[in-house]
Amino acid sequence: MSLLTTRIEMLTHLPLCSIPNPKKVSAKLPSLLVGGGDGGILREISHHSSVEHIDMCEIDKMVINAYKRFFPDIAVGYKDPRVNLHIGDGIAFMKSVPEGTYDAIILDAFQEMGPTAEELSDLSLLESVVRALRPDGVLCTPAVSL
């Protein structure tokens, strides 16, 4: 098991196993997933049959295309019909979602990642996360992101 696999599994399974029957996940800004362009977190979310809807926001379509082409075993999560892919700024996407939309948000981004670093440390992002989560919803992100 690689460090990448362990990281992906921890970012995915800890939040989804901590709440009963998660139905809507967000991925990069994740269910909502924000980031995670490699598709590994999507692959792991797909193991949770209770999840009905997965929004994923990735800023760089080239990352997605590269993983689909060169690492299809990781990018297999893009084939899941529950995935709704949004190409664009995950932070802006997060700020635009209606209140109480997600059971889980997985923020797979890092403060050190260029121009978004300042926005990731901005209190308004956390306020947007809180607003986007349903009561008892969860956020999972690498500790260095906050």
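**Figure 1. Secondary structure of the predicted model.** The secondary structure of the protein comprises 6 helices and 6 strands in this predicted model. Read from the N terminus, the elements follow the order α-β-β-α-β-α-β-α-β-α-α-β. The protein has 146 residues, of which 47% count as buried. About 7300 Å² of the protein is exposed, and carbon and sulfur atoms supply 60% of that area.

**Figure 2. Strand β5 and its pairing with strand β6.** Strand β5 covers residues 102-108, and 7 of its 7 residues are buried, so the strand is largely enclosed by the rest of the structure. Strand β6, formed by residues 133-140, pairs with β5 in the parallel sense over 4 bridges. Ala104 has Val138 of β6 as its bridge partner.

**Figure 3. Surroundings of Asp80.** Asp80 belongs to the loop that links α3 (61-70) to β4 (83-87). This loop residue has a relative accessible area of 12%. Asp80 therefore counts as buried, since its value of 12% falls under the 20% limit. When neighbours within four places in sequence are set aside, Asp80 is in contact with Ser46 and Ile54.

**Figure 4. The aromatic pair Tyr67 and Phe71.** The structure contains 1 aromatic pair. This pair is formed by Tyr67 and Phe71, with 5.1 Å from centre to centre and 40 degrees between the planes, and is classed as tilted. The relative accessibility of Tyr67 is 23%, and Tyr67 therefore counts as partly exposed. Phe71 is also partly exposed, because its relative accessible area is 40%, a value between the limits of 20% and 50%.

**Figure 5. Lys68 over the ring of Tyr78.** The ring of Tyr78 has the charged end of Lys68 sitting over it. The distance from this charged end to the ring centre is 5.0 Å.

**Figure 6. Cysteine residues Cys17 and Cys57.** Cys17 has a relative accessibility of 59% and therefore counts as exposed, the limit for this class being over 50%. Cys57, by contrast, counts as buried because its relative accessibility is 2%. Across the whole structure, the search finds 0 disulfides.

Notes: Residues are numbered from 1 along each chain as its sequence is written. This is a predicted model: local features need pLDDT of at least 70, side-chain atom pairs count only at pLDDT 80 or more; totals for chains, interfaces and linings use all residues. Side-chain values use heavy atoms; hydrogens and water are left out. A disulfide is a pair of cysteine sulfur atoms within 2.5 Å. Buried means under 20% relative accessible area, exposed over 50%, partly exposed in between (1.4 Å probe, protein chains only). Helices (H or I, at least four residues) and strands (E, at least two) are DSSP runs, numbered from the N terminus. Contact means heavy atoms within 4.5 Å. Rings of Phe, Tyr and Trp (its six-membered ring) pair if their centres lie within 6.5 Å; planes under 30 degrees apart count as stacked, over 60 as edge-to-face and the rest as tilted. A charge sits over a ring if NZ of Lys or CZ of Arg is within 6 Å of the ring centre and within 35 degrees of the ring normal. Accessible areas come from the Shrake-Rupley method with a 1.4 Å probe; for residues, only the protein chains shown count as cover. Two strands pair if DSSP finds at least two bridges between them.
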